[in-house]
Amino acid sequence: MKMLQRRLVDWIEHRTGLESAVKNFLFEEIPASSGWHQVFGSVAVFLFLVQAFTGLLLAFNYAPTPGDAYNSLKYIVTELTGGALIRGLHHWGASMMIVVVVLHMAQVFLYGAYKKPREATWGVGVVLLLLTLAYGLTGYLLPWDNRAYWGTVVTTQIASKAPLLGPYVSRLLGGEDSIGVVTFARFFALHVLLLPPVTTFLIAFHIYLVRKHGVAPAPGDTRPPKKFFPDQVFKDTLAIFAGFILLFVLAVAVKVPLERLADPTDTTYIPRPDWYFLFLFQILKSFEGPLEVMGSVLLPTMAILALLLVPLLDRGAAKQLAQRTIAFSFIALAAIGWTALTVTAIVTTPEPVTGSAERGTAVGGWQQLSPEALAGIGYYRKEQCESCHNLTDGKAKVGPNLSTTPIKRSVGWMVGHFKNPAQMVPGTSMPPIHLADTQLSALAAFLLTLTPDNATDLESAPGKVLEGAMTYQQHQCGTCHIVNGVGVQLGPTLNGVAGRRSKQWIEVQIRNPKRHSAETMMPAYNLSQRDMDVLIEYLTALPAQ
Amino acid sequence: MNRRTLYLICIYVMWALMGLVLAIPAAVYLLWPPRPRKEQEWTEAGTVRELNVGHPSEIVFRKNRVDGWKVTSEKSTAWVVKKAENEIVAFSPQCPHLGCAVHWVAKKDEFLCPCHASTFSIEGQVLTGPAQRPLDRFEVKMEGDTLLLGPVQRSSEEAAS
């Protein structure tokens with residue numbers, strides 16, 4: 001058995017040289033001073049692989065166009081087993097990667113490991129940090145929910161403010177006037193087509209440079225070197241393992257937000273970038289008017305240049321860690337500054353306006369609804385809105401739950417939205433509703449009275465009564481009668497009519513009012529028997545007041 | 001056991017664990033069928049009164065089809081046969097052989113598939129091949145005068161005559 005294995009390995013080695021390549025890699029000599037402080041690079045590479053793997057899995061069920069992007073991500077998260085976990089890993093993996101890359105950089109900086117001849121290794125590392133941030137920036141838009149949309153509006157606006165280059169950058173990002181399908185396609189292409197191969201190449205180059213120059217030894221370390229494997233590999237693996245456990249726990253325990261579909265007309269939304277960009281956002285807020293370009297472009301550019309130039313500026317002989325007080329103060333200053341900016345940004349975020357407070361007065365039961373809103377329930381059923389929307393808890397559907405989604409809209413906006421949904425909410429897969437304006441405003445009236453508390457009751461309204469309300473609204477009975485306080489007081493209020501009159505009497509009164517009173521102002525209505533039956537059903541169901 | 005062996009075991013175990021924790025959810029995610037989005041749905045497909053006993057008629061209706069993250073409303077047809085006042089059968093128009101659309105040939109009293117000339121009786125049984133099993137049927141329900149169609153039930157091979 002052992003011999004067979006040996007022969008197989010030899011066969012492969014002879015044809016590919018894989019065995020000696022792996023051995024060469026693992027038995028590399030590293031300074032005796034190497035240890036736990038050098039694990040971050042390996043963790044960053046591991047996290048990059050996890051991001052590539054989970055990103056690929058997400059792409060298997062993701063449609064990269066606005067609207068469909070949102071729906072397909074919702075499908076991944078709610079309908080596919082394990083989908084929420086994979087999205088969680090990808091989301092938290094992105095944050096962790098930024099943390100680990102920054103830690104890696106801080107370690108190299110503190111130890112002065114960028115010094116001659118390792119300047120190029122450091123430079124490639126700085127570019128890799130920028131690429132990591134570019135992933136975060138482009139990936140943020142891809143869920144195409146409100147958070148993604150508004151966060152990206154802010155970042156593309158910042159890019160467009162760059163001196164000279166601004167207009168070109170924003171044209172390149174497709175976000176010249178507003179964010180739409182073009183920006184989305186570009187961000188997607190950057191995130192999954194351009195960045196991964198570039199990153200892979202630069203990581204390979206970075207590792208090649210590390211190998212070429214060898215791991216930087218501590219100054220004055222004269223002990224004989226040791227092997228990378230297994231001592232340091234064990235330390236790296238343990239660090240990776242700890243990072244992975246943390247990532248997994250985050251992915252399982254902390255729900256990644258998926259807000260509602262991106263809504264460019266939502267004026268109440270408070271856009272915020274992801275946490276690692278908050279400090280930039282806060283810097284930007286401190287500069288106003290003509291100085292804004294300082295915060296948006298000049299300061300970040302100078303910071304990046306300074307990072308790149310670090311090995312050229314600090315060219316002194318290598319020092320012991322304890323003597324690198326200037327490096328320590330830089331790191332401390334950066335950490336304090338970053339924390340202060342981020343905390344300020346979080347603390348100064350205004351409270352979002354809650355939707356429920358702005359809703360119309362909550363109505364108890366369907367009996368209390370205005371005829372218009374009640375007819376709206378009828379149209380809701382007739383148009384089979386429930387095939388895509390829930391009113392109460394239930395299995396997730398394509399559209400949002402209408403009682404829990406805050407609606408902060410005018411009736412006019414909603415009627416426009418019903419007629420041409422995609423115009424008001426780009427990317428939505430909702431089909432237009434083909435109804436007359438009065439019918440659409442009835443539908444809007446119903447949705448505006450809907451709250452999570454009365455949804456069950458409103459949903460239970462009997463079909464005949466709804467049809468009756470639709471007939472009532474269609475024949476504009478409300479221009480002369482009052483129901484539930486809505487209408488005009490020309491004729492008698494119709495609440496409690498069941499207690500005053502028989503059904504036969506009401507029918508005669510509608511068909512031929514002159515038979516009951518010769519002077520009546522009420523016109524005769526020649527309704528079909530079906531319309532008459534449901535109208536009477538509705539009128540006699542009205543509560544007495 | 002020396003320190004080197006301990007390190008080796010730990011390295012292999014940790015990588016194996018991480019590999020499994022990533023591979024298992026990935027396999028489940030890719031291979032497990034999606035959770036059904038809604039309960040079985042009944043689609044209105046016309047009125048029973050308009051049907052004649054013993055004459056199959058083609059009914060066109062719209063039904064919702066779940067396609068991944070989309071629900072598409074698509075036109076669908078069924079061959080509906082009224083056997084008696086309260087007995088209705090609705091056949092899927094797809095030939096059980098290779099899926100061409102069958103139609104009723106009134107002159108010969110049989111369903112004919114235009115692709116490979118399979119024929120079926122008014123009961124849906126195979127009269128001549130190459131089809132191996134009877135026409136598939138929709139689940140049928142009546143509410144008053146309204147005909148409701150449910151999902152298509154696949155016919156079994158044994159029922160072939």
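**Notes on the two-chain model**

1. Start with how chain B is split: domain 1 covers 1–32 and domain 2 covers 43–159, with bounds taken from an automatic or database domain assignment. The C-alpha centres of these two domains of chain B lie 53 Å apart.

2. Some housekeeping before going on. This is a predicted model, where local features need pLDDT of at least 70, side-chain atom pairs count only at pLDDT 80 or more, and totals for chains, interfaces and linings use all residues. Residues are numbered from 1 along each chain as its sequence is written, while chains are lettered from A and ligands numbered from 1 in the order in which they are written.

3. On overall shape, chain B has a radius of gyration of 25 Å, against near 15 Å for a compact globule of 161 residues. That radius is taken over C-alpha atoms, and the globule rule is 2.2 Å times the number of residues to the power 0.38. Along the principal axes, the C-alpha atoms of chain B fill a box of roughly 90 × 35 × 25 Å.

4. Chain B has 1 helix and 10 strands; these are DSSP runs numbered from the N terminus, with helices being H or I of at least four residues and strands E of at least two. Reading from the N terminus, the order is α-β-β-β-β-β-β-β-β-β-β.

5. Now the hairpins of chain B. S2(B) (residues 57–67) and S3(B) (residues 70–84) pair in the antiparallel sense over 11 bridges, where pairing requires that DSSP finds at least two bridges between the strands. Val66(B) stands opposite Val71(B) in S3(B). The two strands form a hairpin with 2 residues between them, and Gly68(B) in the turn has a positive phi of about 60°.

6. S3(B) also runs antiparallel to S4(B) (residues 87–91), joined by 5 bridges. Here Val80(B) has Ala90(B) in S4(B) as its bridge partner. S3(B) and S4(B) again make a hairpin with 2 residues between them.

7. Further along chain B, 4 strands form an open antiparallel sheet in the order S5-S6-S7-S8. S5 (103–105) and S8 (126–128) of chain B stand at the edges with a single partner strand each, so one side of each has no neighbour in the sheet. Antiparallel S7(B) (residues 119–120) and S8(B) are joined by 2 bridges, and Thr119(B) has Thr128(B) in S8(B) as its bridge partner.

8. Over to chain A, where the axes of H1(A) (residues 2–16) and H2(A) (residues 18–26) come within 6 Å and cross at roughly 85°. Axes are lines fitted to C-alpha atoms, for helices over the stretch in contact, and angles run from 0 to 180 degrees between N-to-C directions. The crossing makes H1(A) roughly perpendicular to H2(A), a label for angles of 65 to 115 degrees. H1(A) brings Val9(A), Ile12(A), Glu13(A) and Thr16(A) to the contact, and H2(A) brings Leu18(A), Glu19(A) and Ser20(A); contact needs C-beta atoms, placed from the backbone, to lie within 7 Å.

9. Finally, the interface: 28 residues of chain A are in contact with 25 residues of chain B. On the chain A side, H3 (40–59), H4 (68–78), H5 (83–111) and H10 (228–253) each supply at least two residues, and H10(A) gives the largest share, 8 residues. By class, that side of chain A has 15 nonpolar, 8 polar and 5 charged residues. Ala, Val, Leu, Ile, Met, Phe, Trp, Tyr, Cys and Pro count as nonpolar, Asp, Glu, Lys and Arg as charged, and the others, Gly among them, as polar.

Methods:
Parallel < 35°, antiparallel > 145°, perpendicular 65-115°, else oblique. Contact = placed C-beta atoms within 7 Å.
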